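Here is a short report on one protein model. Please look over the sequence and the fold before reading on.

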Amino acid sequence: MKKITWMLGAALSLGMMLTSCSQDSDLGNPSESGKGQLLLTLDSKTEFIVDTRAVQESSYGNVDNYTVIVTDKDGAEKLNCKGSEVASKMPLTLAIGSYEVKAFYGTESAASRDAFYVYGETKGTIKADQRESVSVTCTPTCGRISVNFDASMATYFADYNVSFSGTEALAGSTIAWLKGDTEPWYVKLTEAGENVNFVITVTTKDEYINGGNKEQVTTKSGSFKLSRNKAYKMNISPVYTPTGSGDLSIEVTIDDTTEDKEVDIEVPVTWV
């Protein structure tokens, strides 16, 4: 069965208010000055709940850590600072016309165990005698993959691992989860999400190579859809029926949401 458990859901919202010059500003009449004011505030709405030895995921929910860049209609950089400094630099005076705001944090890689990247942007226009309100949502450009081998795997198998591939950023390369691994993989994805291929490889112990289990090293492949800002955890456990042929198989369940909702999807691994 597929038990869905969401562990990663990182999202950052930035609220911005654009106010034209009014009686409480020092810009005079915007139509005359050709300028307006940008009032920017940052608000974190992250749902990160897991910190690992390699990555403190909660740090991605702290808006003080983000870099914020504002450019004007000519592409000139008018603000470049940390989120912790934004309030002290408001309001920001900009020329009437288009502007762009970007906010980001972290490091982007095809796959990494110690960092990931969160990004958001918006474009708008400052107009004379008019107020605008826009928002930017920053989300990870990756999905999160982890594997949990049931402790009983060691009873039947001398070795076991899972390899992942298939994303555009991996470009034909693979990443591996070995039997002793504990740190998740953060895998860069396209905006639409991507199918991730996996191959489970197990080395059966000698005493269980009999009857229907004729191969010592066996593999089983499959795939699942991985989306940005989602976490997938593969739970792998052995299923052994002590009959004359000693039937041995593997059951795989994938957790991908915070809700304790069970979905009837199985990825069996059997030997004939």
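The sections below cover a strand pair, the nonpolar cores, a buried serine and some backbone details.

## Basis

This is a predicted model. Every value in the report is computed from it.

## Strands β17 and β18

Strand β18 spans residues 247-255. Seven of its nine residues are buried, so the strand is largely enclosed by the rest of the structure.

Strand β17 covers residues 231-241. It pairs with β18 in the antiparallel sense, over nine bridges. One residue to pick out is Met 234, whose bridge partner in β18 is Ile 254.

## Nonpolar cores

The largest nonpolar core has 29 residues. Which of them touch the most other members? They are Val 162, Phe 164, Phe 224, Met 234 and Ile 236. Met 234 thus appears here as well as in the bridge to Ile 254.

Val 162 has a long contact list, even with residues up to four places away in sequence not counted. It touches Val 147, Phe 149, Ile 175, Ala 176 and Trp 177. It also touches Phe 198, Val 199, Ile 200, Met 234 and Ile 236. Apart from the largest core lies another, of 24 residues. Its members include Val 86, Ala 115, Val 118 and Ile 126. In soluble globular proteins, nonpolar side chains tend to be buried together.

## Ser 146

Ser 146 lies in strand β11, residues 142-149. Is this serine buried or exposed? Its relative accessible area is 9%. The cut-off for buried is under 20%, so Ser 146 counts as buried.

What does Ser 146 contact, leaving aside neighbours within four places in sequence? The list is Trp 177, Pro 184, Tyr 232, Lys 233 and Met 234. Trp 177 and Met 234 are also touched by Val 162.

## Backbone details in loops

The peptide bond from Met 90 to Pro 91 is cis. Its omega is near -5°. Pro 91 sits in the loop between β5 (77-82) and β6 (92-95).

Ala 171 has a positive phi, near 50°, and is not a glycine. Its place is the loop between β12 (157-165) and β13 (175-178). Ala 171 is exposed, at 64% relative accessible area. Asn 229 also has a positive phi, near 65°, in a residue other than glycine. Asn 229 is in the loop between β16 (217-226) and β17. Its relative accessibility is 17%, so Asn 229 counts as buried.

Conventions: Residues numbered from 1 in each chain as written. Predicted model: local features only at pLDDT ≥ 70, side-chain atom pairs only at ≥ 80, totals over all residues. Heavy atoms only, no water. Buried < 20%, exposed > 50% of the residue type's maximum accessible area, 1.4 Å probe, protein only. Helix = DSSP H or I, 4+ residues; strand = E, 2+ residues; numbered from the N terminus. Pairing = 2+ DSSP bridges. Core = buried A, V, L, I, M, F, W, Y, C linked by side-chain atoms within 4.5 Å. Contact = heavy atoms within 4.5 Å.
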